[in-house]
Every structure is written in C-alpha cells, then in structure tokens.
Amino acid sequence: MSAALAAGASVAEALNDQLHAQPIQLSAGALRFVDQDELPEGEAYEAFIHRTARVPTRDNAHDLLNGLIWLHWPAIKARLNALHEQALAESGGVQTQRGPLRDALTLFDENAAFLQAPPALVEALRQRDWLRLFGPLRPLWQQARLHLFGHALLEKLMLPRKPICAHVLLLPEKADPARPGAWMAEEALASKPFLPLPVLGVPGWWPGNEAANFYVDAAVFRPMPGAQTG
C-alpha cells in the first residue's frame, strides 16, 4: 500500500488494491472506497455506506487509518455502520444532535480500544487507581491484551503525547474482539460503557513510563470523580 501511495495513488485507490486480496462483503454489496465527492449533499455519511457499500474517503491520514481499520476489523465496522443506520432511521434522519446511541457509536469508531485483562487490572482501571494499576499490578499487564480500534486515536498517536486517552471497552478474556458480541448490543453501547485509559501509560508502550513519577500527574491520570485524594 505504501508503494501505491508513493506512486501517486489516492488513498481510496490504495485501499481498494488491498480489497482484491481480502474482499469485504456488506449487506449492500462488496465494500469499496470512493472519493469523498461521491457522497451526495445532504446524505449522512453512515447512511450512504449502508446504502451503497462505498466508503467516502479523503486523501489524508485520518481517512487512510479509517480504511485500514475497515480492512482489519470489517465485522466490527459493519456492525457500527448498521447501528448508525438503525439510529438514523429511528430518528428520521440526521438531527442537530446525534442522540445517545449515535454519540456512543462515534466515540467507539473514533477513539475506542478493547481491553482483555485479568480481573485485578480491570478493577483497578474501573477505580482509576492508576498507581496500583501501573505499580504493584504492573506484571499482570503481560497477561493483558489491548487492541486499538479508533482511527482518530491512531492518528493522534502518530505524534505521541502523554495525555492521549482511549475510550476502553472491557471484553471477556476469551472473547474474539474481531467479532461482534453481546458487548456490541445497542443497549450496552448507548450507556457509553467506556473507561478512560492514557495509553502511553501501558507498560512497554512508552519508555517514559518506566519512571515511577510518570504516573504522578493528576492532569493525565485523573482520579475517579468524587474520590478523596491526598
């Protein structure tokens, strides 16, 4: 793909080259990436994808990463698209406000990560007990799996900064994150079941977090709202 882009191919063309080897089938047909100009004025982006199986794509890093996520996680992206279309149909089309489900779906699509981890890590993350999560429990991260999904999250990590935070969905340890499960039910997602995780704090993900004082930064590793500090 990098060779195609270097040779002058558009992002859509480079992504479509990959589809020759790994075609993706949606309810409306075979997935294709098309120029952003093919999105009709007034039609919602997600509704257009659902109707045509075509993904409007601009020549930038954001849309390239979105396309790569489509290639890597097609079943999850297709499920998100179907839920968007369902919410649009129920609301009568695009509204000035997305509503709780579409708001959650957008957070998921742009900034989500999936975490499968031992119970002690999960509980410490729920409590935002950062010093325990990344201190005494640090060895348990070797048993955890953190999968980045959101394409905006990936774009931000192209220029890494300590405050970059993922919206984490906790998955059962034996679940297959590539396949939608009960965790992708409409009711589950509408409640925004995300937990914040500053991803550069994950052991092994950033050299700076080897220093113990890396985590003593309340502007990034924020306590649970209402928790007593000091």
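Which elements do the buried residues of α3 pack against? They pack against β1 (25-26), β3 (32-35), β4 (54-57), α4, α5 and α6 (100-111). This is a predicted model, and the report starts from that helix.

**Helix α3**

The buried residues of α3 include E46, A47, F48, I49 and T52. Just after α3 comes A53, with a positive phi of about 65°.

**The cavity**

Rolling a probe the size of a water molecule over the atoms shows where empty space is left. Searching the whole structure turns up one cavity of 30 Å³ or more. The volume of the largest cavity is about 70 Å³. Its lining is made by Y45, E46, I49, N66, W70, K77, L80, N81, H84 and D109. Three elements, α3 (45-52), α4 (61-72) and α5 (74-91), give two or more residues to that lining. The largest share comes from α5, with four residues. By type, the lining holds four nonpolar, three polar and three charged residues. Two lining residues, E46 and I49, are also buried residues of α3.

**The nonpolar cores**

In soluble globular proteins, nonpolar side chains tend to be buried together. Here the largest nonpolar core has 29 residues. Within this core, L115, L125, L133, F134, W141 and L197 touch the most other members. Elements giving two or more residues to this core are β5 (112-116), α7 (119-126), α8 (130-133), β6 (145-148), β7 (165-170) and β8 (195-198). The greatest contribution, four residues, is that of α7.

Take L133 as an example. Neighbours within four places in sequence aside, L133 is in contact with L121, A124, L125, R138 and W141. A second core, separate from the largest one, has 19 residues, among them L83, A87, L101 and M184.

**Strand pairing**

Strand β7 pairs with β5 and with β8. The table sets out the two pairings.

| Strands | Sense | Bridges | Citation |
|---|---|---|---|
| β5 and β7 | parallel | four bridges | β5–β7 |
| β7 and β8 | antiparallel | four bridges | β7–β8 |

Each pairing can be followed through one pair of residues. A113 has V168, in β7, as its bridge partner. For A166, the bridge partner is L197, in β8. L197 is also one of the residues that touch the most other members of the largest nonpolar core. Strands β5, β7 and β8 each give two or more residues to that core.

Conventions:
Residues numbered from 1 in each chain as written. Predicted model: local features only at pLDDT ≥ 70, side-chain atom pairs only at ≥ 80, totals over all residues. Heavy atoms only, no water. 1 Å grid on protein atoms, 1.4 Å probe; cavity = no way out; pocket = protein on both sides within 12 Å on 5 of 7 lines; lining within 4 Å. Points joined across faces, edges and corners; volume = space filled by probe spheres on them. Nonpolar A, V, L, I, M, F, W, Y, C, P; charged D, E, K, R; others polar. Core = buried A, V, L, I, M, F, W, Y, C linked by side-chain atoms within 4.5 Å. Buried < 20%, exposed > 50% of the residue type's maximum accessible area, 1.4 Å probe, protein only. Contact = heavy atoms within 4.5 Å. Pairing = 2+ DSSP bridges.
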